[in-house]
Amino acid sequence: MLSKIVRTVSNQLIVFILIFGLYIIMHGHITPGGGFQGGAVIASGVVMLLVAFGSSDIKKALRERRLSVLESSGALIFIGVAFAGIGTVFFYNFLVGTPIFGEIPPIGSNSGNVWTGGVIPLMNLSVGLKVLAGLSAIVLAMALFSSGEEMEE
Amino acid sequence: MRQIIGWFALITLVTFLISGALLMHPFGYPPSDMDDYIIANSQAETGSNNVVAAVVFDYRGLDTLGEATVLFAAVSGVLLLLRATKKEGDKT
Amino acid sequence: MMAYIPSNIPFVAAAALIGVALFIIIFRRNLIKIVMGIAIMSSGVNLFIVALGYRAGGIAPIYTEAPEGPMALPVVQALILTNIVIGVCVIALMLVMVMHTFRHMGDIDAKKSRLLRR
C-alpha cells in the first residue's frame with residue numbers, strides 16, 4: 001500500500017480512465033479503436049488501482065466470481081449475436097437496414113454517425129467485456145500468488 | 001560445442017532473413033486486389049465507417065471467434081495454475 | 001539488389017529485430033530474459049506484417065473526416081490485432097510457469113532447474 005497522496009489521486013483518476021475506455025469501445029465503428037483496445041485501457045486502470053492499494057484490498061472488492069460472470073457473459077453475447085443471423089450464414093450482418101443500428105452512411109468522407117454499423121457495435125461491447133475481465137483476472141491472480149496468499153475458490 | 005552450433009545457426013538464419021527482406025517488393029507499392037474491393041464496398045455492405053473494424057468483425061468474423069477462444073483458454077489456464085496449495089506437501 | 005536498400009528499410013529493421021531476439025533466446029540462461037526475447041520476436045514479426053500493407057502517401061483506412069489520398073490496406077491491420085492479443089496470452093502463461101519453477105526449485109537458471117535430471 002503506497003502513501004496517502006498516491007491513493008487519493010488514483011481514486012480520482014479511475015473515473016476518467018473508465019470513461020475514456022468506454023468511449024473507445026463504443027465508438028469502435030467510427031474512429032480508430034474497438035473492443036480489444038478499450039478493454040486493454042480499462043484493464044490498465046485496474047492495474048493502477050492494484051499497485052496503489054495492495055492486492056488484499058482489491059481482492060475484497062473484485063471477487064473472482066464477479067470477473068468470471070463478466071467474462072462469460074461477454075462470450076455468450078458474442079456467440080448469441082453470431083447465431084442470430086443463421087438464416088443466411090453463420091456471421092451474417094442482419095441489422096443493416098433495420099432501425100436499431102442499421103443506417104447506411106453516405107459514400108466517401110463524412111462525419112460519423114453512431115447509429116450505423118449493423119451488428120458491429122454489439123460485438124465490440126462483448127469483446128471489450130471479455131478482454132477487460134480476462135486481463136484483470138490474470139494480473140490479480142499473479143499479484144496474489146507472489147504476495148503469499150492464494151486466490152479463493 | 002553448443003556455442004559453435006549456436007553461432008552457426010544464428011548467422012545462417014540472420015543471413016536468410018536479411019536477404020529475404022532486401023528481395024521483397026518495393027516498400028509502398030503492395031499487390032492489392034482483395035483490399036481494393038473491400039475499401040470500395042465496405043460502406044454499402046456493412047454500414048460502418050471504420051474499414052478495419054468491418055474486416056475484423058464482419059468479413060473475417062471467424063478469426064475473432066478463434067481469438068476469443070484463445071483468450072478464454074489462457075485465462076482459465078493461468079487461474080488453474082495459481083490455485084491454493086494444501087498445507088503439507090506440494091503439487092507435482 | 002543494392003538499389004533496394006534506401007526504400008526497404010522497414011523490412012530490414014524487422015529482420016534485425018528478429019535476429020536480436022534469436023541471439024537472446026539461444027545465448028542467455030536466465031529464464032526471464034528468455035521470455036523477454038520471445039516478446040521481442042513477437043514485436044518484430046508484427047512489425048514485418050504491418051509494413052507489408054503500406055501504400056506510398058497513404059492515409060488510415062477510416063472514412064470519418066478522411067483527407068485526400070489512397071488508403072492503406074486494412075486486412076493486414078486486422079491480422080496483427082489478433083496476433084498481438086494471442087502474444088499477450090502466451091507470454092502470460094510462460095510467466096506463470098517461470099513463477100512456479102522459482103517456487104519449487106529456488107533458482108531460475110535454465111541449466112540448473114531441470115527436474116528430470118536432478
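# Notebook: helices and contacts between chains A, B and C

I began with the buried residues of α3(C), which are P74(C), A78(C), L81(C), V85(C), C89(C) and V96(C). I note at the outset that the structure is a predicted model.

**Entry 1. Helix α3 of chain C.** I looked up what lies over these buried residues. Their cover includes α2 (35–53) of chain A, together with α2, α3 and α4 of chain B. I then checked the length of the helix. Helix α3 of chain C runs through residues 74–105 and has 32 residues. From its first C-alpha to its last it reaches 47 Å, close to the 46 Å expected at 1.5 Å a residue. Just after α3(C), I found that G106(C) takes a positive phi of about 80°.

**Entry 2. Two single residues of chain C.** I looked up M105(C), which lies in helix α3 of chain C. Is M105(C) buried or exposed? I recorded M105(C) as partly exposed, because it has 14 C-beta neighbours inside 10 Å. I also took its separation from I49(C), a residue 56 residues apart from M105(C) along the chain. The C-alpha atoms of the two are separated by 39 Å.

I turned next to E65(C), in the loop between α2 (31–51) and α3 of chain C. E65(C) is not a glycine, yet it has a positive phi of about 55°. I recorded E65(C) as exposed, because it has 12 C-beta neighbours inside 10 Å.

**Entry 3. Chain B against chain C.** I looked up the contact between these two chains. On the side of chain B, 38 residues are in contact with 41 residues of chain C. I asked which helices of chain B supply at least two residues each to the side that touches chain C. They are α1 (2–22), α2 (34–45), α3 (51–59) and α4 (61–81). By type, I found 26 nonpolar, 7 polar and 5 charged residues on that side of chain B.

**Entry 4. Helix α1 of chain B.** I examined α1(B) by itself before its packing. It has 21 residues and reaches 30 Å from its first C-alpha to its last, close to the 30 Å expected at 1.5 Å a residue. I noted that α1(B) is hardly covered, with 2 buried residues among its 21.

I then followed α1(B) to helix α1 (residues 9–27) of chain C. The two axes come within 9 Å and cross at roughly 170°. I therefore entered α1(B) as roughly antiparallel to α1(C). The crossing in which α1(B) passes α1(C) is right-handed. Among the residues that make the contact are L10(B), L13(B), V14(B) and L17(B) of α1(B), and F11(C), I18(C), L22(C) and F27(C) of α1(C). I counted no charged residues in this contact, which divides into 16 nonpolar and 2 polar.

**Entry 5. Chain A against chain B.** Here I found 33 residues of chain A in contact with 22 residues of chain B. Two elements give two or more residues to this side of chain A, namely α4 (64–83) and α5 (120–146). I asked which element gives the largest share of the side of chain A that touches chain B. It is α5(A), with 11 residues. I recorded 19 nonpolar, 10 polar and 4 charged residues on this side of chain A.

I followed α5(A) to α4(B). Their axes come within 10 Å and cross at roughly 20°. I therefore entered the two helices α5(A) and α4(B) as roughly parallel to each other. The crossing of α5(A) and α4(B) is left-handed. In α5(A), V127(A), K130(A), V131(A), G134(A), A137(A), I138(A) and A141(A) meet A68(B), L71(B), V75(B), V78(B) and L79(B) in α4(B). I found 10 nonpolar, 1 polar and 1 charged among the residues of this contact.

**Entry 6. A helix pair within chain A.** Lastly, I looked up helix α1 (residues 4–26) of chain A and its packing against α2(A). The axes are 8 Å apart, and the helices pack at an angle of about 170°. I therefore entered α1(A) and α2(A) as roughly antiparallel to each other. The contact includes I14(A), I17(A), L18(A) and G21(A) of α1(A), and G38(A), V41(A), I42(A) and G45(A) of α2(A). By type, I recorded 14 nonpolar, 6 polar and 1 charged in the contact of α1(A) with α2(A).

Technical notes: Residues numbered from 1 in each chain as written. Chains lettered and ligands numbered in written order. Predicted model: local features only at pLDDT ≥ 70, side-chain atom pairs only at ≥ 80, totals over all residues. Contact = placed C-beta atoms within 7 Å. Helix = DSSP H or I, 4+ residues; strand = E, 2+ residues; numbered from the N terminus. Nonpolar A, V, L, I, M, F, W, Y, C, P; charged D, E, K, R; others polar. Expected span 1.5 Å × (residues − 1). Buried ≥ 20, exposed ≤ 12 C-beta atoms within 10 Å, placed from the backbone. Axes fitted to C-alpha atoms, helices over the stretch in contact; angles between N-to-C directions. Parallel < 35°, antiparallel > 145°, perpendicular 65-115°, else oblique. Left-handed = near helix turned anticlockwise from the far one by under 90°.
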